[in-house]
Amino acid sequence: MDENNILLPILVKYRPGMPKIEKHGAMYDLATSETVTIAKGEVKMIDLGVAMNLPDYTFARVYPRSSTHKKWHILLANSVGIIDTEYCGNEDYWKFPAYAIETVTIPAHTRIAQFEIVDNWDQLRSTLIEVDHLDGENRGGFGTTGD
């Protein structure tokens with residue numbers, strides 16, 4: 001069997017009436033579970049109507065669709081969402097923390113987000129070791145490279 005073609009099952013629970021997840025290009029689309037209105041400057045957790053049980057040593061990255069900002073005037077408040085294997089309960093529905101740059105009403109079942117499944121097999125080969133000193137050159141701290 002070709003190890004590059006192993007299918008990992010992902011258990012998906014949909015809220016009633018939710019459209020099934022579809023793959024478009026490299027990503028799977030996610031939609032709003034209900035109509036939602038967000039006022040300009042407000043942050044609201046938009047329910048995406050799905051809960052999943054991801055395979056061990058994987059996680060999902062959730063992004064806005066490339067058209068979301070233009071069509072719906074919202075931004076993903078935390079830049080990228082990370083869904084790990086521990087977020088797998090029956091009521092652990094995925095959310096989109098939206099920041100509205102204009103007041104907007106988004107209809108139910110509107111595709112606003114997308115996700116990818118990422119393998120995290122390196123966890124099997126990694127361990128953290130505490131040390132008192134690191135030998136690398138100091139670069140000035142976070143965000144200072146290439147001033």
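How many aromatic pairs does the structure hold? The count comes to 2 aromatic pairs, where rings of Phe, Tyr and Trp (its six-membered ring) pair if their centres lie within 6.5 Å, with planes under 30 degrees apart counted as stacked, over 60 as edge-to-face and the rest as tilted. The model is predicted, with local features requiring pLDDT of at least 70 and side-chain atom pairs counting only at pLDDT 80 or more, while totals for chains, interfaces and linings use all residues. Residues are numbered from 1 along each chain as its sequence is written, and side-chain values use heavy atoms, with hydrogens and water left out.

One aromatic pair is formed by Tyr 28 and Phe 115, which are stacked at 5.2 Å centre to centre with 25° between the planes. This pair links distant parts of the chain, as Tyr 28 belongs to strand S3 (residues 27–31) and Phe 115 to strand S12 (residues 111–119), 87 residues apart; strands (E, at least two residues) are DSSP runs numbered from the N terminus. Tyr 28 is partly exposed at a relative accessible area of 31%, whereas Phe 115 is buried at 3% (buried means under 20% relative accessible area, exposed over 50%, and partly exposed in between, with a 1.4 Å probe and protein chains only). Phe 115 also pairs with Trp 94: the ring centres are 5.1 Å apart and the planes lie at 80°, so the arrangement is edge-to-face. Trp 94 is located in the loop between strand S9 (81–83) and strand S10 (95–100), 21 residues from Phe 115 in strand S12. The relative accessible area of Trp 94 is 0%, and this residue is buried. Together, Tyr 28, Trp 94 and Phe 115 form one aromatic cluster.

The structure holds 6 salt bridges, each defined as a side-chain nitrogen of Lys or Arg within 4 Å of a carboxyl oxygen of Asp or Glu. Among them, Lys 13 and Glu 91 meet at 3.6 Å, N to O. Lys 13 lies in strand S1 and Glu 91 in the loop between S9 and S10, so this salt bridge ties together parts that are 78 residues apart in sequence. Lys 13 is partly exposed at 28% relative accessibility, while Glu 91 is exposed at 55%.

Asp 47 takes part in a salt bridge with Arg 15, the closest N and O atoms being 2.7 Å apart. Here Asp 47 in strand S5 (residues 43–47) is linked to Arg 15 in the loop between S1 and strand S2 (23–24), 32 residues apart. Asp 47 is buried at 12% relative accessibility, and Arg 15 is partly exposed at 26%. A salt bridge also joins Asp 47 to Lys 95, with the closest N and O atoms 3.6 Å apart. That pair connects strand S5 with strand S10 across 48 residues, and Lys 95 is partly exposed at 32% relative accessibility. Arg 15, Asp 47 and Lys 95 are thus linked in a network of salt bridges.

Arg 15 additionally lies over the face of Tyr 93, at 3.6 Å from the ring centre; a charge sits over a ring if NZ of Lys or CZ of Arg is within 6 Å of the ring centre and within 35 degrees of the ring normal. The charged end of Lys 20 sits over the ring of Tyr 14, at 4.3 Å from its centre.

Key:
Helices (H or I, at least four residues) and strands (E, at least two) are DSSP runs, numbered from the N terminus.
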